[in-house]
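Welcome, and thanks for taking a look at this one. Here is a short briefing to read alongside the sequence and the model.

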Amino acid sequence: MPTCIEICVEVVAGSAAWLGRGLSCVCAQRRDSDARPSFDLTAAQEECLQRLQNRIDIAYDSSVPEHQEALRALWHVAFPGEELRGLISEQWKEMGWQGKDPSTDFRGGGFISLENLLYFARNFPKSFQDLLRKKEGDRALWEYPFAVAGVNITFMLIQMLDLEAVKPRTLVGATFLKFLTENESAFDLLYCIAFKLMDHQWLAMHASYMDFNTVMKATRRQLERELLQEDVARLEDLPSYSLLSR
């Protein structure tokens with residue numbers, strides 16, 4: 001039976017360079033005997049889920065002008081005033097991409113992972129900059145790469161919420177769809193919360209690069225707990241939302 005990381009390497013094609021070194025996706029662990037309930041959806045929930053699934057299905061394509069512009073926009077919000085010399089440039093390593101061409105890292109999360117980063121940068125610029133520049137806390141000498149971690153968080157959320165299924169098969173997924181129906185940007189907002197929570201866990205655990213998987217698993221467990229709290233009526237009610245700063 002293949003291991004969790006081997007499965008992820010197959011799924012996140014092109015990302016094996018960092019998957020094998022401790023920075024990998026958080027795979028759903030379940031036994032064959034586990035029953036997977038399904039939840040009926042309202043028409044509105046079905047429509048919102050389909051729109052989000054359509055976004056998830058879009059691969060990043062460096063030949064598409066819209067994708068090129070989104071990547072340029074990410075650079076400009078991340079490093080305002082610093083001119084980008086090209087979509088393929090050594091400069092991208094400053095943001096935490098593996099090499100000079102970010103498109104090779106988007107294979108794991110698709111275009112939506114770029115949209116997530118842009119949403120984060122535009123809606124919570126202080127938190128985005130704090131994480132990008134590692135401003136807070138007592139940091140390890142071997143830190144996680146910001147941008148690649150961001151793609152990994154997108155992938156983790158898709159798994160956690162079971163978003164590629166026809167309809168939710170977990171209570172967490174069903175709960176999220178209620179939020180999505182009320183706020184079409186719910187996935188992007190949850191991404192921001194997850195990224196900030198991951199960094200919070202990273203600092204609390206005094207983690208270093210090889211601990212990334214452990215931190216991601218802890219982040220996922222915390223998000224699942226918070227999403228299922230009875231007093232959470234919207235994503236802004238999640239305790240971890242308070243970690244974000246605009």
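With which residue does R51 form a salt bridge, and how far apart are the closest N and O atoms? The partner is E47, and the closest N and O atoms are 2.7 Å apart. Please keep in mind that this is a predicted model. The notes below start with the chain as a whole, then turn to salt bridges, one buried glutamate and a cavity.

**The chain as a whole**

- The protein chain has ten helices and zero strands, so its elements, read from the N terminus, run α-α-α-α-α-α-α-α-α-α.
- The protein chain has 246 residues, and 51% of them count as buried.
- The surface that the protein chain exposes comes to about 11800 Å², with carbon and sulfur atoms supplying 50% of it.
- If you take the contacts between residues at least 6 apart in sequence, 69% of them join residues at least 24 apart.

**Salt bridges**

- In total, the structure holds 15 salt bridges, and a few of them are described here.
- R51 and E47 both sit in helix α3, which covers residues 43–56. They are four residues apart, or about one turn of the helix.
- R51 is partly exposed, its relative accessible area being 31%, and E47 is partly exposed too, with a value of 48%.
- The R51 and E47 pair also belongs to a wider arrangement: E47, R51 and E184 are linked in a network of salt bridges.
- D130 and K126 form another salt bridge, with 2.9 Å between the closest N and O atoms. These two residues belong to helix α6 (residues 125–132), where they are four residues apart and separated by about one helical turn.
- Is D130 buried or exposed? D130 counts as buried because its relative accessibility is 6%, and the cut-off for buried is under 20%.
- K126, the partner of D130 in this salt bridge, is partly exposed, with a relative accessible area of 42%.
- R169 and D162 bring their side chains together in a salt bridge of 2.8 Å, N to O. R169 counts as partly exposed at 32% relative accessibility, whereas D162 counts as buried at 13%.

**A buried glutamate in helix α10**

- E226 is found in helix α10, which spans residues 212–227.
- With a relative accessibility of 2%, E226 counts as buried.
- Which residues is E226 in contact with, leaving aside its neighbours within four places in sequence? They are V232, L238, P239 and S240.
- For one of these contacts, S240, the sequence separation from E226 is 14 residues, and the C-alpha to C-alpha distance is 8.1 Å.

**The cavity**

- How many cavities of 30 Å³ or more are there? The count comes to one.
- The largest cavity has a volume of about 30 Å³.
- Its lining is made up of L49, L161, D162, L163, K167, P168, G173 and L177.
- Sorted by class, the lining of the largest cavity has five nonpolar, one polar and two charged residues.
- D162 links two of these topics: it lines the largest cavity, and it also forms the salt bridge with R169.

How values were computed: Residues are numbered from 1 along each chain as its sequence is written. This is a predicted model: local features need pLDDT of at least 70, side-chain atom pairs count only at pLDDT 80 or more; totals for chains, interfaces and linings use all residues. Side-chain values use heavy atoms; hydrogens and water are left out. A salt bridge is a side-chain nitrogen of Lys or Arg within 4 Å of a carboxyl oxygen of Asp or Glu. Buried means under 20% relative accessible area, exposed over 50%, partly exposed in between (1.4 Å probe, protein chains only). Contact means heavy atoms within 4.5 Å. Accessible areas come from the Shrake-Rupley method with a 1.4 Å probe; for residues, only the protein chains shown count as cover. On a 1 Å grid over the protein atoms alone, a cavity is a set of points where a 1.4 Å probe fits but cannot get out, and a pocket is an open set with protein on both sides within 12 Å along at least five of seven lines; lining residues have an atom within 4 Å of a point. Grid points are joined across faces, edges and corners, and a volume is the space filled by probe spheres set on the points. Ala, Val, Leu, Ile, Met, Phe, Trp, Tyr, Cys and Pro count as nonpolar, Asp, Glu, Lys and Arg as charged, and the others, Gly among them, as polar.
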